[in-house]
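Please open the structure in a viewer and keep a selection tool at hand. The tour below proceeds from one selection to the next.

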Amino acid sequence: CMKLSEIIQKDQQYYMNTFGNRIPVCFTHGKGLSLWDTEGNEYQDFFAGIAVSALGHSHPAVVNAICEQAQKFIHCSSLYYIEQQAMLAELLVQNSCADRVFFANSGAEANEGAIKLARLYFKKKGFPEKFEIITLEKSFHGRTLATIAATGQDKYQKPYSPLTPKFLKVPINNLEALEKTINGNTCAVMLEPIQGESGVNPTSVEYMKGVRELCSKNGILLIFDEVQCGLGRTGKLFGYQHYGVEPDIFTLAKALAGGFPIGALCAKEFVAAAFEPGDHGSTFGGNPLACNTGYAVLSTIINERLSENAAAMGEYFFDRMTVVTKKYPVIQEVRGKGLMIGIQFNQPIAKELNKKLFEKKYLLGTVGDNILRVLPPLIVTKKDMDGFISVLDEALSEM
């Protein structure tokens, strides 16, 4: 394989500069939690490609599903019935509150589909004026023009204004603000049960119950973006299961095929029925390769009880971190659910700490200058957690 310096040079010459100077490493292969770089160094992956590699790297279930399907055929248009698509849709419906599923290629596409479905639902019911969607501040819903408008963060929105109209923002866990914002033009409330990109901010149970009540009372749709918090990440198969409420529409992506691109738009029958032939589509969405891989990943998460492992390992981590937190007052808060974890510091040390962890061969993410994000694969063990905690302790003591 090429030398790292050559790869960097080609990237800087030919790739659009959307990522700036990346972390100077290039991986060649992985297994489980381990990744190896071009120089042969081994790293522990505690970021899972931003909550994507749920089964770790090169999991046999994923590899076999891709290879077996690729040898048969990869793509087939939606003019024809697709067995793998039907099978994955059934598996999702059997294990969630959804009645129907549509497959896209990404989380942003799934969210676009949710926005379209919510607006279409009210158009077809004879309420064309209902097309506003209320979202939360600090949310993240994608990078297409509509999903940027839905995203509650200025830094993503500013460069692309004027934004797609009719998305309103309210603060998280504030029912009063939501109630004040709902009006005759509102068609849906769209939120992440646990916000990921802005630093792991969970909604509270009473808030979620209140949101569900407000939506039902006002006859508007409730959409959950579970692109990051879905599929076992939080210790339950879906984030909404922590709250005792059900959305009318929810979206999935990231972990669904363990790294192969796929998104899912899931909905209850009454709202899904608004999509009729010709109303929505996708060339690649729901192709046999993506769906076969998705089926393998989802059934592995379910059969190997990886949601339960995420809950147990998350609990173990929070438990062990109480000692570390006492030792280092710079740690302000450790929060999250399951294996969706944010460590907040009261000083801007996150980037420097992450660099130190990288030097110690641990891969993590940051939000701003004061939050470290921990998103290990769902197959993580106590031993893996112990290894990470001791390296974190080491890095903090050095700082």
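Surface patches consist of residues with over 30% relative accessible area and no salt bridge, like charges being joined within 9 Å and nonpolar side chains (Val, Leu, Ile, Met, Phe, Trp, Tyr) within 5 Å. A salt bridge is a side-chain nitrogen of Lys or Arg within 4 Å of a carboxyl oxygen of Asp or Glu. Accessible areas follow the Shrake-Rupley method with a 1.4 Å probe, and for residues only the protein chains shown count as cover.

The model is predicted: local features need pLDDT of at least 70 and side-chain atom pairs pLDDT 80 or more, whereas totals for chains, interfaces and linings use all residues. Residues are numbered from 1 along each chain as its sequence is written, and side-chain values use heavy atoms, without hydrogens and water.

Select Y15, M16 and F19 first; they make a nonpolar surface patch of about 400 Å². Y15 belongs to the loop between α1 (4-14) and β1 (27-31); helices (H or I, at least four residues) and strands (E, at least two) are DSSP runs, numbered from the N terminus.

Next, select A48, located in helix α2 (residues 48-51). Its phi is near 50°, a positive value in a residue other than glycine. A48 is buried, with a relative accessible area of 0% (buried means under 20%, exposed over 50%, partly exposed in between; 1.4 Å probe, protein chains only).

Proceed to P162, in the loop between α7 (154-157) and β6. The peptide bond from S161 to P162 is cis, with omega near 5°.

Finally, select N173, in the loop between β6 and α8 (175-181). N173 is partly exposed, at 36% relative accessibility.
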